[in-house]
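Grab a pencil and work through these exercises with the viewer open. Each one has a task and then a solution you can follow step by step.

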Amino acid sequence: MANNLISLSNVNLTLPSRAGPVAILRDVVLNIGTAEAVAIVGPSGSGKTSLLMIVAGLERATSGRVVVAGHDFARLDEDRLAAVRGANIGIVFQAFHLVPTMTALENVALPLEFAGRPDAFERAGEMLAEVGLAQRAQHFPAQLSGGEQQRVAIARALSPRPQIILADEPTGNLDGKTGAHVVDLLFELQRRRQSTLLLVTHDPGLARRCGRVIEMQDGCISGAELVSA
Amino acid sequence: MTVVVSDLKAPVLRRRLPLLVSLALREQRNGLKGFYVFIACVALGVAVITGVGALADALRASFERQGETLIGGDVALARPHRPAEGQERSWLWQQGRISETATMRAMARRTDGTDQALVELKGVDAAYPLVGAVSLLEGLSLTAAVREEAGVAVDPILLDRLGLKIGDSLSIGHLKLPIRASIGAEPDRISERLSVGPRVLVSLETLRRTGLIDPGSLVSWRYALKLGADGAPLADQLASFRNAMKEALPEAGFTLRDRRDPSPQLSRTLERLRQFLTLVGLAALLVGGVGVANAVATYLDRRRKVIAAFKSLGASKRIIFGVHLLQVIFIAGIGIVAGSLLGMLIPVALTSALGDALPIKADIALSARSLLTAAAYGLLVSLLFSLWPLGRAEAVPTAVLFRDEVAPGPVLPRWGVIVLTLAIGALLAAFAIFSSEARLLAFYSCLGVLLVFAVFTGLGAAISPVARGIRRPRRPELALAIGDLGAPGGLTRSVVISLGAGLSLLVTVALVDRSVVAELTEHLPESSPNYFILDLKRDESEAFQKLVRSEVGEARIEQAPMLRGRIMQVAGRPAEQVKAAPEAQWVLNGDRGLSYAEAVPAGSKLVAGQWWPADYAGEPLVSLEAEIAKGLGLKLGDTVTVNVLGRNVTARVANLREVKWESLSLNFVLVFSPNTLQGAPHNLLATVTLPKEASLATEAKLAQAIGRAFPASTAIRVKDALDAFGVIFARVMLAVRSAGSVTLIAGALVLAGALATAQRRRIQQAAILKALGATRRRILLSHLLEYVLLAVLTSFISFLIGTAAAWLAVTQAMELEFTFSLWAALQTMGLATLLVAAFGAFGTWRVLKAPTIPYLRAD
């Protein structure tokens with residue numbers, strides 16, 4: 001408990017809809033330590049992505065306690081949440097979500113610029129080199145393949161050297177071979193930096209590459225399994 | 001969002017810039033796609049305001065550059081009735097080179113007596129003109145034409161009017177004078193008073209011999225001076241002259257003008273017109289603001305995922321707001337520059353198109369004030385209409401990165417943005433009001449615009465739920481049309497606000513125009529006299545009445561003594577130090593008609609004080625028109641000093657009158673007790689009112705009889721004067737309508753922008769309908785029905801608002817009778833329906849042409 005980087009206590013998430021309130025997450029209790037790699041699996045609509053969003057501070061829990069990297073999210077307003085996120089959490093999206101009017105280098109530098117780092121572009125260049133795309137630094141997303149875009153997105157997520165990496169179906173928009181390369185890169189970087197990785201996936205093989213697999217069903221954690229190395 | 005790769009570049013320099021600027025520049029790499037309507041709307045409004053300012057600046061620059069020629073010297077002095085004599089004359093002649101002229105209205109007749117015309121007669125001395133030259137079309141010099149032997153040079157219009165040619169003779173006063181030349185140009189014409197007839201030039205000596213000048217005649221004596229050059233700056237020389245004249249000739253009663261402002265009256269008129277047309281330009285800019293709001297909202301809507309991505313990467317709301325605000329300012333800047341450049345071309349275009357119709361040749365000039373005014377308006381309006389969508393963009397939930405949205409819910413901006421929006425609105429209104437001389441008019445205009453926007457915003461918001469609540473009609477086309485009216489994100493709000501404001505303004509202008517024209521052509525002529533007779537000698541009064549009654553037995557004649565004088569002091573303060581209300585200022589500028597009376601004049605009603613007895617013999621008393629007294633800050637018991645015939649006369653305000661000016665019966669702003677002015681040399685002013693059934697031939701016969709019997713008098717036919725005013729008014733209204741039409745063009749741009757934004761959704765909808773079996777005819781009909789319904793509804797509300805505004809303007813501001821014209825209103829409404837239908841048809845044609853399959857595939 002003392003080493004937990006992510007701690008969710010009895011977290012509920014209820015969203016309004018035309019048909020009435022919908023319970024997305026119900027009494028979720030989850031603790032994840034430093035440098036852990038955890039996969040979240042479950043059928044569509046089970047609340048996996050919503051859980052990720054709660055941990056990222058992109059969605060506020062209706063009730064319960066969310067403490068990430070020592071910060072109680074309930075005490076933070078939106079701007080402070082953004083600052084915490086920028087410093088501690090890197091997010092890799094299924095749809096990449098690169099800024100189309102910015103080059104690969106500028107995309108990677110963006111979180112560092114938001115954090116006010118004077119060496120933003122130097123660090124971004126190093127990060128791009130780490131993911132093997134130094135020669136594509138001045139290219140725009142539309143000029144990159146899907147795999148290259150996702151590698152830029154990974155570089156962007158990791159450039160602030162966050163303690164936590166959140167990945168939402170990172171290979172969902174990629175073909176098998178490209179997806180495998182991207183996943184290898186992600187795990188390599190996670191291991192090298194000793195970051196905590198929380199990965200949402202439909203792919204059982206991918207889930208088993210993590211140290212722990214958590215199953216979700218109807219907004220609740222229905223099971224957890226430690227994966228032997 | 002699709003990005004055209006080949007257009008993108010990635011310069012390195014931005015890394016040194018502040019973060020917000022760097023991010024804004026990167027975001028702008030997508031070019032101006034989606035912002036063309038924004039730019040056009042801002043450019044249009046800024047162009048009108050810049051153009052109006054540029055034209056005023058150009059004319060003012062011309063005045064200053066050509067001032068010496070326009071005024072005929074460095075200074076010009078003028079006064080009525082009396083020429084400079086004795087000590088006045090010797091003093092003036094010592095100040096430099098001087099030229100003396102005398103101008104009056106007179107009748108010029110064919111020598112056979114069959115026709116006559118009102119003319120502006122001007123007698124000139126040997127030195128005239130001191131600066132510039134009179135050009136005569138036959139190549140003669142002025143000396144040869146009018147000075148060597150008695151003769152006249154005339155405006156060519158007079159030759160046409162009387163059916164005469166060069167070489168024929170003209171009767172003026174007691175003289176028959178040969179017509180030697182026609183006038184091409186007269187250098188100092190513009191600096192004189194507004195003329196009602198064609199010009200006739202004679203020598204001063206000839207003018208005196210016509211018998212038209214006697215001590216009480218309504219003649220204006222003018223002295224143009226070229227001061228001796230002493231090397232001092234012009235401003236110092238002119239100030240020195242003014243002071244010297246005040247000391248040497250304190251009661252001379254001259255009105256003094258100098259070359260820096262040759263025609264203060266024209267300058268004031270131009271300035272008022274500039275301010276009024278600026279307000280109209282601002283209205284166009286505000287209508288265009290709807291297009292700005294739509295463009296910004298659409299752009300930010302397309303960028304929701306990018307904004308959410310920024311937030312997920314740690315961007316604060318300040319960064320989101322700041323980046324997009326900088327983009328808005330940059331885009332607005334393009335519109336402002338484009339509009340300013342266009343506006344600067346307006347005087348050039350007008351000078352080429354109108355040429356001689358302008359009072360003087362306009363220089364090309366644009367003051368920093370005009371440019372900055374237009375730029376400030378452009379920026380403030382852009383900000384006013386952008387802040388709300390920018391504020392809403394801050395609130396884009398990051399959840400959009402993970403979840404597809406059906407339609408973004410309505411979100412209010414944070415309080416800081418709302419307060420900033422209100423502050424910008426207040427600043428804009430304050431700027432408009434305090435930069436205008438007529439602040440009350442500007443205030444009511446701002447209020448009116450706010451009201452119009454509020455009404456049409458409310459209407460736009462109300463149409464949608466009402467349309468959704470209507471029971472679905474059986475006809476599918478009508479059901480689709482009404483359904484589209486009620487659909488969220490539809491065209492309704494944009495069309496109603498943008499078109500409604502422009503149409504309301506045009507209906508207002510059309511109905512004000514109709515009312516004033518009706519006043520000039522129907523109401524006034526019915527109640528007004530047929531003729532004003534100037535300079536009727538007192539001893540001719542009885543003979544005049546006898547003559548008129550012998551020609552037309554039922555004619556009604558009014559007579560009043562008339563002199564001209566200048567107000568020198570108001571309640572003991574010099575007139576030039578009095579801060580009069582704008583509507584009373586004219587009384588202090590130049591000389592005014594004065595009279596005296598034993599009893600309250602017809603057409604007047606006492607509203608304060610008492611009238612003097614018929615045999616009153618005490619201190620000089622004066623009766624003032626009530627509104628003018630209020631404007632000058634005068635009350636009962638205060639004094640007014642007037643210079644008449646070179647003598648200052650101080651009178652006490654004994655009473656105040658309400659005057660029905662529109663009756664055109666004999667009335668004056670200042671009417672004195674008889675003992676004040678009775679002893680001064682003067683003539684009479686008379687009016688002749690014929691029975692309604694009197695024919696034009698009777699009228700003409702009477703005028704000829706008066707002309708023959710009283711050759712020194714001048715008969716002004718009221719209908720001709722009203723027609724002349726009508727022509728001027730029509731020109732002014734043309735300028736106002738043109739400026740007002742810009743508002744409608746702005747509305748059309750907004751409509752085009754809204755249609756373009758809705759295009760994708762409409763194509764998608766049409767694709768689905770086609771897949772379900774709808775014919776193109778059915779889809780076209782449903783779209784046209786939607787547009788026509790919107791147009792009819794909008795134009796009906798515009799018609800109501802425009803009529804109310806016109807009624808207020810005509811009855812309360814102008815104090816005239818309101819004349820409603822259904823035709824004028826229908827014309828404007830028909831235009832609206834046509835405009836919307838045309839745009840709609842074009843948009844629908846594009847929708848029907850678009851291929852269906854791409855829109856039916858899953859993304």
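**Exercise 1: the two chains together**

How much area do chain B and chain A bury between them, and what share of it is on carbon and sulfur atoms?

*Solution.* Keep in mind as you go that this is a predicted model.

Step 1. Start with the area: chain B and chain A bury about 3000 Å² between them, with 65% of it on carbon and sulfur atoms.

Step 2. Now see who takes part. Chain B brings 34 residues to the contact, and chain A brings 32.

Step 3. Sort the chain B side by class: 16 residues are nonpolar, six are polar and 12 are charged.

**Exercise 2: bridges across the contact**

Work out how many salt bridges link the chains, find one of them, and then locate the elements of chain B that take part.

*Solution.*

Step 1. The count between chain B and chain A comes to four salt bridges. One to look up is between the side chains of A:Glu113 and B:Arg26, at 2.6 Å from N to O.

Step 2. Add the polar contacts: 10 residue pairs, both partners at pLDDT 80 or more, make one between chain B and chain A.

Step 3. On the chain B side, the elements giving two or more residues are α1 (19–27), α9 (304–312) and α10 (317–354). Of these, α9(B) gives the most, with six residues.

**Exercise 3: one strand inside chain B**

Find strand β17 of chain B, residues 639–644, and describe its cover and its partners.

*Solution.*

Step 1. Check the cover. Six of the six residues in β17(B) are buried, that is, each has under 20% relative accessible area.

Step 2. Split the strand by direction. B:Thr639, B:Thr641 and B:Asn643 point one way, while B:Val640, B:Val642 and B:Val644 point the other way.

Step 3. Look at a partner, β12(B), residues 556–570: this strand pairs with β17(B) in the antiparallel sense over five bridges. Here B:Ile567 sits opposite B:Val642.

Step 4. Turn to β18(B), residues 647–659, which also runs antiparallel to β17(B), joined by six bridges. B:Val640 faces B:Ala651 across this pairing.

Step 5. Follow the chain from β17(B) to β18(B). The two form a hairpin with two residues between them, and B:Leu645 in the turn has a positive phi of about 50°.

**Exercise 4: stepping back**

What does chain B have in the way of helices and strands, and how much of it is buried?

*Solution.*

Step 1. Count the elements: chain B has 23 helices and 21 strands.

Step 2. Of its 859 residues, 53% are buried.

Terms used: Residues numbered from 1 in each chain as written. Chains lettered and ligands numbered in written order. Predicted model: local features only at pLDDT ≥ 70, side-chain atom pairs only at ≥ 80, totals over all residues. Heavy atoms only, no water. Buried < 20%, exposed > 50% of the residue type's maximum accessible area, 1.4 Å probe, protein only. Helix = DSSP H or I, 4+ residues; strand = E, 2+ residues; numbered from the N terminus. Pairing = 2+ DSSP bridges. Contact = heavy atoms within 4.5 Å. Buried area = accessible area lost by both parts, 1.4 Å probe. Polar contact = N/O pair within 3.5 Å; in protein donor to acceptor, adjacent residues only side chain to side chain. Nonpolar A, V, L, I, M, F, W, Y, C, P; charged D, E, K, R; others polar.
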